[in-house]
Amino acid sequence: MKHEWVSPDASRFASAWSDLAGIGRDHRRGGYSRHGFDDADLHSRAWFVEQAQRRGLDVETDRNGNLWAWWGEPGVGAVVTGSHLDSVPGGGAFDGPLGVVSALLAVDELKVRGVAPARPFAVACFVEEEGGRFGLPCLGSRLLTGAVDPDAVRRLHDPDGVSLADAAARAGVDPAGMGPDPARLAGIGTFLELHVEQGRLLRAADPTAAVAVGSEIVAHGRWRFTVTGQGNHAGTTAAADRRDPMIPAAAIVPAARRAMQRFQGAVATVGRIVPVPGGTNVIAFSVQVWLDARYGDTASTAALVDAITADVRLEAEAEGCTVVVQRESLSDRVVFDPALGVSLSERLGVPIVPTGAGHDAGVLAAHVPSAMLFVRNPTGISHAPEEHAETADCLVGVTALADCLADLLL
């Protein structure tokens with residue numbers, strides 16, 4: 001039987017959402033650009049602290065810059081919910097922030113219901129989930145769980161040459177202390193993340209449902225192709241004399257599309273190309289291309305990238321160029337806690353769907369029972385300014401999250 005939804009206070013949602021909506025707007029790209037420890041991110045973090053304190057929650061920053069807002073005393077077996085506030089460059093309003101806003105409003109809803117948590121409870125806000133500034137997604141949760149080398153993280157630089165260590169220090173986080181946090185991780189009993197759906201699998205599973213439970217995340221990774229040729233003059237260099245790295249670099253795009261047709265269900269995307277030196281009237285001497293690939297498990301994803309690389313090497317050889325491929329990140333397929341997922345699905349009367357998008361919940365799932373709730377996205381568009389969720393569906397998501405948390409906190 002379907003759950004009879006009781007909508008929370010819509011004015012609270014509108015107020016919290018409007019306070020955040022002005023932070024990090026990108027007037028050049030459209031949408032939002034909030035990246036780890038930049039000015040927009042610092043403003044959004046301050047917004048979170050203010051919102052949490054307004055609700056009587058005690059806020060702390062962990063050794064990796066993640067924010068934790070506690071309802072009551074921290075302790076072992078904690079129920080934790082939350083998401084992230086950073087975005088991809090020119091991203092949508094909902095990816096990440098919806099989970100944070102909904103978590104805070106779920107606290108309001110629980111208080112209205114008179115729920116007194118019998119277990120420690122926190123709303124968490126993770127750093128640099130998108131990897132939009134330093135190139136490594138789920139940075140805060142990876143550091144927390146020990147999934148990434150903190151020395152390598154401290155050496156990361158953004159496109160302007162600012163190191164992550166310097167950016168963290170500017171935000172008041174000691175970069176020397178970054179790294180695994182086993183005591184904090186061991187204290188988490190359950191993690192539940194609400195997120196706007198990225199795609200339309202929920203609609204396919206149940207066109208009437210505003211919310212779904214997540215089942216798994218397919219393997220995904222990022223690779224950087226560096227194609228090197230010979231820089232030269234665009235107006236004086238004959239075709240026969242050219243070793244133009246843009247030719248094989250451009251070939252990565254159709255190679256990725258062909259691979260998607262060959263590997264059923266795979267996705268591969270070129271989202272960033274940087275020629276060096278980048279002059280309009282200059283043949284570049286090198287081109288860097290970033291490829292995002294997602295398919296099944298890590299072995300399947302690697303095979304997908306190998307197929308793309310083989311095509312590109314043939315193009316490079318024909319043009320007299322070289323290709324170096326560097327893997328920047330790779331996350332294996334994640335299956336969320338099956339028993340928890342089934343329990344939440346039955347509790348809410350909603351479908352269970354997979355996703356191709358990475359999340360902090362996927363990183364934590366290897367260590368603690370984790371689950372996700374997805375709020376319906378009518379167009380499926382995400383990582384773009386047109387990303388959207390109807391307010392009525394968002395309110396259903398808040399109620400669903402509060403319902404699940406109420407059960408977990410008993």
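**Exercise 1. Find which residue takes a positive phi in the hairpin of E1 and E2, and describe how the two strands pair.**

Step 1. The hairpin of E1 and E2 has five residues between the strands, and in it Gly65 takes a positive phi near 90°. Helices (H or I, at least four residues) and strands (E, at least two) are DSSP runs, numbered from the N terminus. The model is a predicted one, in which local features need pLDDT of at least 70 and side-chain atom pairs count only at pLDDT 80 or more, while totals for chains, interfaces and linings use all residues. Residues are numbered from 1 along each chain as its sequence is written, and side-chain values use heavy atoms, with hydrogens and water left out.

Step 2. Strand E1 (residues 58-61) pairs with E2 in the antiparallel sense over four bridges, where pairing requires that DSSP finds at least two bridges between two strands. Asp58 has Trp70 in E2 as its bridge partner.

**Exercise 2. Work out how E2 is joined to E4, and whether the residues of E2 are buried or exposed.**

Step 1. E2 and E4 run antiparallel and are joined by five bridges, with Ala69 standing opposite Val123 in E4.

Step 2. Strand E2 (residues 67-71) has five of its five residues buried, so it is largely enclosed by the rest of the structure. Buried means under 20% relative accessible area, exposed over 50%, and partly exposed in between (1.4 Å probe, protein chains only).

Step 3. In a regular strand the side chains alternate between the two faces of the sheet. In E2 both faces are covered, since Leu67, Ala69 and Trp71 on one side and Trp68 and Trp70 on the other are all buried.

**Exercise 3. Place Phe126 in its strand and identify what surrounds this residue.**

Step 1. Phe126 belongs to strand E4 (residues 121-126), and this residue counts as buried because its relative accessibility is 3%.

Step 2. When neighbours within four places in sequence are left aside, the residues in contact with Phe126 (heavy atoms within 4.5 Å) include Trp68, His84, Leu85, Leu144, Phe191 and Leu364.

Step 3. Arg142 is 16 residues from Phe126 in sequence, and the two are 9.9 Å apart in space, C-alpha to C-alpha.

**Exercise 4. Determine how far helix H3 reaches and what follows this helix.**

Step 1. Helix H3 (residues 97-113) has 17 residues and reaches 24 Å from its first C-alpha to its last, close to the 24 Å expected at 1.5 Å a residue; the expected span is 1.5 Å times one less than the number of residues.

Step 2. Of the 17 residues of H3, 14 are buried, so the helix is largely enclosed by the rest of the structure. Just after H3, Gly114 takes a positive phi of about 80°.
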